Amino acid sequence: MRIVVLAGGIGGARFLRGLRQAVPDAEITVIGNTGDDIHLFGLKVCPDLDTVMYTLGGGINEEQGWGRADETFHLKEELAAYGVGPEWFGLGDRDFATHIVRTQMLGAGYPLSAVTEALCDRWKPGVRLIPMSDDRVETHVAVELDGERKAIHFQEYWVRLRASVEAHAVVPVGAEQAKPAPGVLEAIASADVVIFPPSNPVVSVGTILAVPGIREAIAEAGVPVVGLSPIVGDAPVRGMADKVLAAVGVESTAAAVAEHYGSGLLDGWLVDTVDAGAVDRVESAGIRCRAIPLLMTDLAAATQMAREALTLAEEVRGV
């Protein structure tokens, strides 16, 4: 079985760990979000790609869900002592090594997709991890600070401000001019199923779909496309997805997110059992829907979610 997964950071990575457990013989291709990428201290940082790589490779900080396990922060502390910022983005010493290697390879002329493949040679995540694009795409958020409307990098909005101010717009800068990375469209065309994990529908999956050609390839692939709701009980399972959903005019409910993706793209949708009342609304939008437990409390729960997603895909396929 060939499975394509569009993944953001923590939610996508933890779902992938369950998917790998559920179908160990499957050929899994992960198209990773790079809209969160940021340049810090002269280094190219790819938070979502690294979270997938570290999680599946056994190097993640399990408590945080991001960054390296057994991390130290001596370099960050020394930079702060020199007055070099930003101090609000916590890169650890082990993590810095990844960004140094990535930046050196990019500087030598290798595209991000080749660099990601080289980094995965060390971590052996058990999936093929491809960035959505080799071109630079950065998600920016329009906010009002000190009475002034301005656009800031998504990481500043999410990490420094903790989404504490209203997001007026979310823009994947550079996406319109970007091209899918090598292997992305080919993986979609040869897939047996496409899955949207419980990642942020605006700044993770939504940013991937903003790269011209990717949404169209999924819609035209002729295979089941199944998603899992990141909203449980009208609130994000993790993070602040409700803030960016509001910015694009989508209510923070499992049904509204399914409608946001649309029946032209999505064939099946899993909601949590607490949102079972949303099933009829989703199905009336032309999307097959089922209610199951959607909290990834441990690997077993994530594995069962993956099995349910594949079961729904088979159900859709049989229609």
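Which strands does α2 lie across, and at about what angle does α2 run to β5? In this predicted model, helix α2 lies across β1 (2-7), β2 and β5, and its direction makes an angle of about 175° with that of β5. The three strands named here belong to an open sheet of seven strands, in which the order is β5-β2-β1-β9-β10-β13-β14 and the pairing is parallel. At the edges of this sheet stand β5 (128-131) and β14, each of which pairs on one side only. On average, and with direction ignored, neighbouring strands of the sheet are turned by 20° against each other.

Strands of a sheet pair through backbone hydrogen bonds, either parallel or antiparallel. At one edge of the seven-stranded sheet, strand β2 (residues 27-32) runs parallel to β5 and is joined to β5 by four bridges, with Ile130 in β5 as the bridge partner of Ile31. At the other edge, strand β13 (residues 268-272) and strand β14 (residues 288-292) pair in the parallel sense over five bridges, and Asp272 has Ile292 in β14 as its bridge partner. Between these two strands the chain passes through helix α12 (residues 279-284), and the resulting β-α-β crossover is right-handed.

A further open sheet consists of three strands in the order β7-β6-β8, and here the pairing is antiparallel. Because β7 (148-153) and β8 (169-173) each have a single partner strand, they stand at the edges, and one side of each is left without a neighbour in the sheet. Neighbouring strands of this sheet are turned by 30° against each other on average, direction ignored. Strand β6 (residues 138-145) and β8 run antiparallel and are joined by five bridges, and within this part of the sheet Ala142 stands opposite Ala169 in β8.

Two packed helices are described by the angle between their axes and the distance between the axes. For helix α2 (residues 47-57) and helix α5 (residues 112-123), the packing angle is about 20° and the axes are 10 Å apart. Since angles under 35 degrees count as roughly parallel, this value makes α2 roughly parallel to α5. The crossing in which α2 passes α5 is right-handed. On the α2 side the contact is made by Leu49, Met53, Tyr54 and Gly57, which meet Leu112, Thr116, Leu119, Cys120 and Trp123 of α5. Sorted by class, this contact has seven nonpolar and two polar residues, and no charged residues.

Another helix pair is formed by α1 (residues 10-22) and α13 (residues 299-317), whose axes come within 7 Å and cross at roughly 70°. The two helices α1 and α13 are therefore roughly perpendicular to each other. Residues of α1 that take part in the contact include Arg14, Phe15 and Leu19, while those of α13 include Leu299, Met305, Arg307 and Leu310. By class, the contact of α1 with α13 has eight nonpolar, three polar and three charged residues.

Two details of the backbone fall in loops that lie between helices or between a helix and a strand. The peptide bond that leads from Gly85 to Pro86 is cis, with omega near 5°, and Pro86 lies in the loop between α3 (74-81) and α4 (93-107). Lys124, although it is not a glycine, has a positive phi of about 45°, and this residue is found in the loop between α5 and β5.

Technical notes:
Residues numbered from 1 in each chain as written. Predicted model: local features only at pLDDT ≥ 70, side-chain atom pairs only at ≥ 80, totals over all residues. Heavy atoms only, no water. Axes fitted to C-alpha atoms, helices over the stretch in contact; angles between N-to-C directions. Parallel < 35°, antiparallel > 145°, perpendicular 65-115°, else oblique. Left-handed = near helix turned anticlockwise from the far one by under 90°. Contact = heavy atoms within 4.5 Å. Nonpolar A, V, L, I, M, F, W, Y, C, P; charged D, E, K, R; others polar. Pairing = 2+ DSSP bridges. Right-handed = clockwise from strand over helix to strand, strands pointing away.
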